[in-house]
Amino acid sequence: METDYERRLRETVEKIKARSSIRTKYDRGPLAVYMERAEDAFEIIRKVEEIPLSAELTRNFHRYSSLLFSWRALDPFKAIAGEFRIMHIGEAVIRGIPRSMINPAAPEEVRQLVEEFKIFETHPVGGTGTYSALRLTRNQDSPEIWYFDIRQGPTRLRIGYGDYLDVMLRTRGLYHWQYLFAEPDPDNYGMCASLPYLRDGLDFLAHEFPDDDLSDLRARLEERMRITGEES
């Protein structure tokens, strides 16, 4: 039986695929049946990590070892696209980050930070050089969420894991939506470069999916465009 999040994920994919103005790619990997419940995943993570875990990580639990969905608008909006490749929370925490994804030329403090990342979402189709990761702490508070952009490096997001997965569905994985939950910063090149694209992307989503309320995301966008000087 599907989890609630798996159902919402399936319904989101179906709605996007139903749009004649969008082309899609879908690759649903196997279910991690050995970690079928959030409790099973937590038990394995505790044994491996020996660290307290926040109940936040049980929100929006899904069993997919890997699930990839990407889409791109057709003319005249073909610059607008999105993608998500999500991983099972247990596998994400246990695997951590591959050594190949740590830049040896980065400053030491950045390398040390990235080495603690537990990647749970990537974007391989678009080749954007981005991913999202957890950073666990030695308490039971919500884990930190970080967005890595090859143009900028790591950026801390002000959003919890469960909320992240919710917004991912609402934005349909629109590229760089994560910057809407980063602190507005005119020195963050990745953010500044992404904001005009996000404006066009939210306009496209509002047109294609008029039943969705994106007003809170638009407010976040406007705040960041104002502070970074990207208003047109």
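**Exercise 1. Determine how α1 and α5 are oriented relative to each other.**

Step 1. Locate the helices. Helix α1 covers residues 4–17, and helix α5 covers residues 161–170. Helices here are DSSP runs of H or I with at least four residues, strands are E runs of at least two, and both are numbered from the N terminus.

Step 2. Take the geometry. α1 and α5 pack at an angle of about 20 degrees, and their axes lie 10 Å apart. Axes are lines fitted to C-alpha atoms, for helices over the stretch in contact; angles run from 0 to 180 degrees between N-to-C directions.

Step 3. Classify. Angles under 35 degrees count as roughly parallel, over 145 as roughly antiparallel, 65 to 115 as roughly perpendicular and the rest as oblique. α1 and α5 are therefore roughly parallel to each other.

Step 4. Add the hand. The crossing of α1 with α5 is left-handed: the near helix is turned anticlockwise from the far one by less than a right angle, whereas clockwise would make it right-handed.

Step 5. List the contact, meaning heavy atoms within 4.5 Å. Tyr5, Arg8, Leu9 and Thr12 of α1 meet Leu165, Asp166, Met168 and Leu169 of α5. These residues divide into 5 nonpolar, 1 polar and 2 charged. Nonpolar covers Ala, Val, Leu, Ile, Met, Phe, Trp, Tyr, Cys and Pro; charged covers Asp, Glu, Lys and Arg; the others, Gly among them, are polar.

A note on the model: it is predicted, local features need pLDDT of at least 70, side-chain atom pairs count only at pLDDT 80 or more, and totals for chains, interfaces and linings use all residues. Residues are numbered from 1 along each chain as its sequence is written, and side-chain values use heavy atoms, with hydrogens and water left out.

**Exercise 2. Describe the packing of α6 and α7.**

Step 1. α6 spans residues 189–208 and α7 spans 215–228. Their angle is about 150 degrees, with the axes 10 Å apart. That makes α6 roughly antiparallel to α7.

Step 2. α6 and α7 cross in the left-handed sense.

Step 3. Among the α6 residues in the contact are Met191, Leu195, Arg199 and Asp203; α7 contributes residues including Leu217, Leu221 and Met225. The contact divides into 10 nonpolar, 1 polar and 4 charged residues.

**Exercise 3. Lay out the sheet and place β3 in it.**

Step 1. Seven strands form an open, antiparallel sheet in the order β1-β2-β3-β4-β5-β6-β7. Strands pair if DSSP finds at least two bridges between them. The edge strands, each paired on one side only, are β1 (22–28) and β7 (153–157). Twist averages 25 degrees from one strand to the next.

Step 2. β2 (66–73) pairs with β3 (81–87) over 7 bridges. Arg72 has Ala81 as its bridge partner, and Trp71 stands opposite Gly82.

Step 3. β3 pairs with β4 over 2 bridges. Arg85 stands opposite Thr122.

Step 4. α5 lies across β3, β4, β5, β6 and β7, running at about 10 degrees to β4.

Step 5. 6 of the 7 residues of β3 are buried, so β3 is largely enclosed by the rest of the structure. Buried means under 20% relative accessible area, exposed over 50%, partly exposed in between (1.4 Å probe, protein chains only).

**Exercise 4. Is Lys118 buried or exposed?**

Step 1. Lys118 sits in strand β4.

Step 2. Its relative accessibility is 14%, so Lys118 counts as buried.

Step 3. Leaving out residues up to four places away in sequence, Lys118 touches Glu49, Ala92, Val93, Gly96, Ser132, Ala133, Leu134 and Leu136.
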